[in-house]
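The following questions and answers go through a few local features of one protein model. Please look at the sequence and the structure first.

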Amino acid sequence: MPLSSYIGGNARRGNLWPNSLLPTLSPTPTKSKHPSRKSRKRTALINFIFTNFFVIALSISLCFLFITILLFGIPNPLLSSPFKTKPPPYYRVRSRKPPQNDNSYRNSSNNFRKEDGAGATVDITTKGLYDKIQFLDEDGGPWKQGWRVSYKGDEWDSEKLKVFVVPHSHNDPGWKLTVDEYYDMQSRHILDTIVHTLSKDPRRKFIWEEMSYLERWWRDASVEKRESFTNLVKTGQLEIVGGGWVMNDEANSHYFAIIEQITEGNMWLNDTIGVVPKNSWAIDPFGYSPTMAYLLRRMGFENMLIQRTHYELKKELALKKNLEYTWRQSWDTEESTDIFTHMMPFYSYDIPHTCGPEPAICCEFDFARMHGFNYERCPWGKHPVAINQENIQERALKLLDQYRKKSTLYRTNTLLVPLGDDFRYISIDEAEAQFHNYQMLFDYINSNPSLNAEAKFGTLGDYFQTLREEADRENYSLPGEVGSGQIGGFPSLSGDFFTYADRQQDYWSGYYISRPFFKAVDRVLEQTLRAAEIMMALVHGYCQRAQCEKLATGFAYKMTAARRNLALFQHHDGVTGTAKDHVVQDYGIRMHTSLQDLQIFMSKSIEVLLGIHHEKSDHSPSQFESAQVRSKYDVQPVLKAINAREGTSQSVVFFNPLEQTRDEVVMVIVKRPDVTVLDSNWTCVPSQVSPELQHDNSKIFTGRHRLHWKASVPAMGLQTYYVANGFVGCEKAKPAKLKYFSMSNPFSCPAPYACSKIEGGVSEIQNQHQTLTFDVKLGLLQKVTNTDGSMNVVGEEIGMYSSVGSGAYLFKPNGHAQPIIEAGGHVVIFEGLLVQEVYSYPKTTWEKAPISHSTRIYNGGSTIQELLIEKEYHVELLGQDFNDRELIVRYKTDLDNKRIFFSDLNGFQMSRRETYDKIPLQGNYYPMPSLAFMLGSNGKRFSVHSRQSLGAASLKDGWLEIMLDRRLLRDDGRGLGQGVMDNRPMNVIFHILFESNISSTSDPVSNPLPLSPSLLSHCVGAHLNYPLHAFVAKIPHELSVQPPPRSFSPLAAPLPCDLHIVNFKVPRPSKYSQQPIEDYRFVLILQRRHWDTSYCRKGRSQCTSVANEPLNIFNMFKGLEVLKAKATSLNLLHEDIEMLGYMEQVADVGQEGHAFISPMEIQAYKLVLRPHQ
């Protein structure tokens, strides 16, 4: 996404920085090695000593060595050295910690860091930066957000300046145009241009990032163009950087989708061209997550580059020459997650902001802005001119001056200068203008040795390789610096880079919430894709019949399309909600199409796995259909109603995508309430029926009914239930009792329910664990009382911001959000056997409220659901009444959290968030992809789990605020050219958890490290984000015909509760049948969650075990034999475990099948599978 050049307002002249802050090179004084000796007469003894000097010295040294060993034992080798030399490849694990012994897995406590104050030892934390920086936005002169950079001139006397100018073109796969429109109009021409212009001169270089465009171009390109492209890559002129399907967002994207999108791009690239990227290039995501650094490290990447971080952080890091560092995970005490990172120093990645600190000068060297091209002229008034013999000296020295100034911000004399912008190099003329003029400048600089500089075109890999070679030669470490065992001379850093601000008080926290409808669809597609991947692997594994293989391989094309449609939406203008309306529509249609395809495949796979109609054609329709259907890409899903007539039953099959057995209260919609539920053995199951609700003030009930019962579904398996009408011998579903409150409309009691009026100002619902108290007139939750009598204040409040300055990217509120709920709405309470619910359609200033909501608690015995509170908000921010409004829910608890809370990063790890008065309200909003929690000094925790990405803040003590939707009339000046007005009706579901610690916990105020969720909290989040998939038979069956019990249970035993199967898949579905059976055709990806042991270990979450022992992959499946297993990288392309940073035992899986997984780690294994003979 391009940015207009930042000129700013009235320039204020800043003082020059003192020379003491600039780099100095002073020669080290040398002492004489030969002090004078007095002449004297040598005696025989002295003669003897001199003659045998070395023998005597060696004997004395050996004596001392033996004495030392006897007294102190054999000394350890030096663990670190300021001079680190290593053989290629450059990135090998050189841990400075003692290696773990063979019992390390068994002995590793889950509480391995954080809660006891342990964690990564680093030089810099982003929290420390925030604590230190005053955020004054001082005018730095030509470099507005920095200072007037100067240098002495002798900085390059001993090590000349080596400048790598890296041509690039940033191609958004959708933003103002759709991915197809961009490809046709720009990207295909850019790739043609690259191949043509690079082939003319071997000195020219280029980098390319997005595989979504390259794959499309490859399909269209001639054989000759493909060969030229491949040759350019193989010879190093063209480097693929990142190589994901897209350059993904890092705030809203879930780690599953990030792994998918990088793997999809990397595998296509390796299969097609035979290369694997090792350098990551992320110039445009709006803030950066350490999750990305972890995943890249475990994919075999060696270096990464980032750009969009808070301008004040850039300035602080630049002042200390810390813009290059090793990024380390907060929990990592072994330095196994370190990855070298380069942060670009200036405002943007365009040419005016990359050659040096003065954009007005750098713009003069963007030769595509000369007359004759279609790009904007330089806004500073002085424009580029072609280089010729008359001006070359002046031009070259002016450019070199910028390079030198930029170089002083970094430690080494190796300098990176990107040369590009959005959709650049679209024509041969444009490319020639850049390449030809720059080559003339380089030739002049390089032909003048007195300049102590060498400039040339390079790739990102060229830059990092030369930098690492220099770092091996020179010691750039500062005294006392922790650094990293991976590369010497640079600091280590942990933390994340949210929330991004590019200038003044413009914080990019709006995109955490923009287009929340599609953020929700993204996660539905993600969990549906994962479920379908697992089903495809199970079909291939268990069913060896030709029809089964035909079903799976016949769907391979659509499976690949689904992976790519999910991957495409992870683009930093996709899931962020920051694209034009018609582009959002394109993303939405693609995701909707894939959702429908996946559901059809899953419905057919159910028949195979349950043993129904094995020999039927794969083209004939399935007996089953998904219980949840979407008629269109932009509408809420609707539950299909079961309509079993008298004397018939309709089967409902549940698929459990989780790795533990699932006991859960489930719900389907029925047209008539007088039904019975039976399990697979035709045993009666107690059930409850209640009326279905809708967001309509005049007609709250739809006329259909919700049928609840408790289901039990095996891990990664299937279970069948029957909804019957007229089955003798079983009690019918028990109707819930209804209570209502309404000050305006008369209440019409639906049949066959008993209704009564709510008396008094408060009302309660309760189960065996908790009692919820509501303010009836407002319909809002007030407090939660536990069975032991302890009370938790919730103080639910729904409010709105008025935000004239907000847009798709920016959140710029006018003050705090104000409550919108008035006394006098509708409240309906349902009291039933399994579910208790309070539904509220509130009264607001507007005739049609923008929100209605339900609060539910469950009964059922031994379910995780009993321990949580379910909140469902139906949001309709539609119409001009809500222009420039942003809707929030706020929980005003009694926890003394000191405005500190914890929010997740990509569903993978937590980050500590602190509200600072020195930055504005919008800067204290943070991404919440799936979880936020607060902690009181008494150890009480209040957690909110979400199944879609939103934004959260704790603006006052005890408050947790979450934004639900935003409707904005205006563009916010970041290039999109429109507001956000395409709101859709949608539901947001939270699972809320109150927990009390059972042992002491650290004080979140004094402990700067992030805390982990409890084991129960992890389970709650997994159940919400990976729900049961329900499929309903299309045709009812006569009750007189009872089919045999139908279930499917593939795992030998449920996995431990802290082990999660990230995916179980066939990575190359279209090539499966062509691969020999002894090939590694399956992949299993596992994650071991870290959990806070100061909260209840497993009793409250119904866990049977935790992963204190390694998992035996060979014995994992029931009826399936794992013949071989080997560890691999997360992108499935590397098998050198040491290079990936894993501990050595990870590689041992092939011998006995033991998967050693440390807490927080994600590990991938390639498998050879076949059914038991």
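Q: Over how many bridges do strand β29 and strand β30 pair?
A: In this predicted model, local features need pLDDT of at least 70, side-chain atom pairs count only at pLDDT 80 or more, and totals for chains, interfaces and linings use all residues. Residues are numbered from 1 along each chain as its sequence is written, and side-chain values use heavy atoms, with hydrogens and water left out. Strands are DSSP runs of E with at least two residues, numbered from the N terminus, and two of them pair if DSSP finds at least two bridges between them. Strand β29 (residues 770-775) and strand β30 (residues 780-786) pair in the antiparallel sense, and the number of bridges is 6.

Q: Which residue in β30 stands opposite glutamine 770?
A: Strand β29 covers residues 770-775 and strand β30 covers residues 780-786. The residue of β30 that stands opposite glutamine 770 is asparagine 786.

Q: Which are the edge strands of the open sheet that holds β28, β29, β30 and β31?
A: The 4 strands follow the order β28-β29-β30-β31 with antiparallel pairing. Neighbouring strands of this sheet are turned by 25 degrees against each other on average, direction ignored. The strands that pair on one side only are β28 (762-766) and β31 (791-793).

Q: Which residue of β11 is the bridge partner of threonine 326?
A: An open sheet of 6 strands has mixed pairing and the order β1-β11-β7-β8-β6-β5, with β1 (124-125) and β5 (279-282) as its edge strands. Within this sheet order β7 stands beside β11, and 2 bridges join β7 (residues 324-327) to β11 (residues 492-494) in a parallel sense. The bridge partner of threonine 326 is serine 492.

Q: Why are α15 and α18 described as roughly parallel, oblique or roughly perpendicular, and which word applies?
A: The axes of α15 (residues 516-542) and α18 (residues 581-610) come within 9 Å and cross at roughly 30 degrees. Angles under 35 degrees count as roughly parallel, over 145 as roughly antiparallel, 65 to 115 as roughly perpendicular and the rest as oblique. The residues of this contact divide into 20 nonpolar, 4 polar and 1 charged. Because of the crossing angle, the word for α15 and α18 is roughly parallel.

Q: Is aspartate 1058 buried or exposed?
A: Aspartate 1058 is found in the loop between β49 (1047-1048) and β50 (1059-1065), and a polar atom of its side chain lies 2.7 Å from the backbone nitrogen of alanine 1107. Buried means under 20% relative accessible area, exposed over 50%, and partly exposed in between, with a 1.4 Å probe and protein chains only. Since its relative accessible area is 0%, aspartate 1058 is buried.

How values were computed
Axes fitted to C-alpha atoms, helices over the stretch in contact; angles between N-to-C directions. Nonpolar A, V, L, I, M, F, W, Y, C, P; charged D, E, K, R; others polar. Polar contact = N/O pair within 3.5 Å; in protein donor to acceptor, adjacent residues only side chain to side chain.
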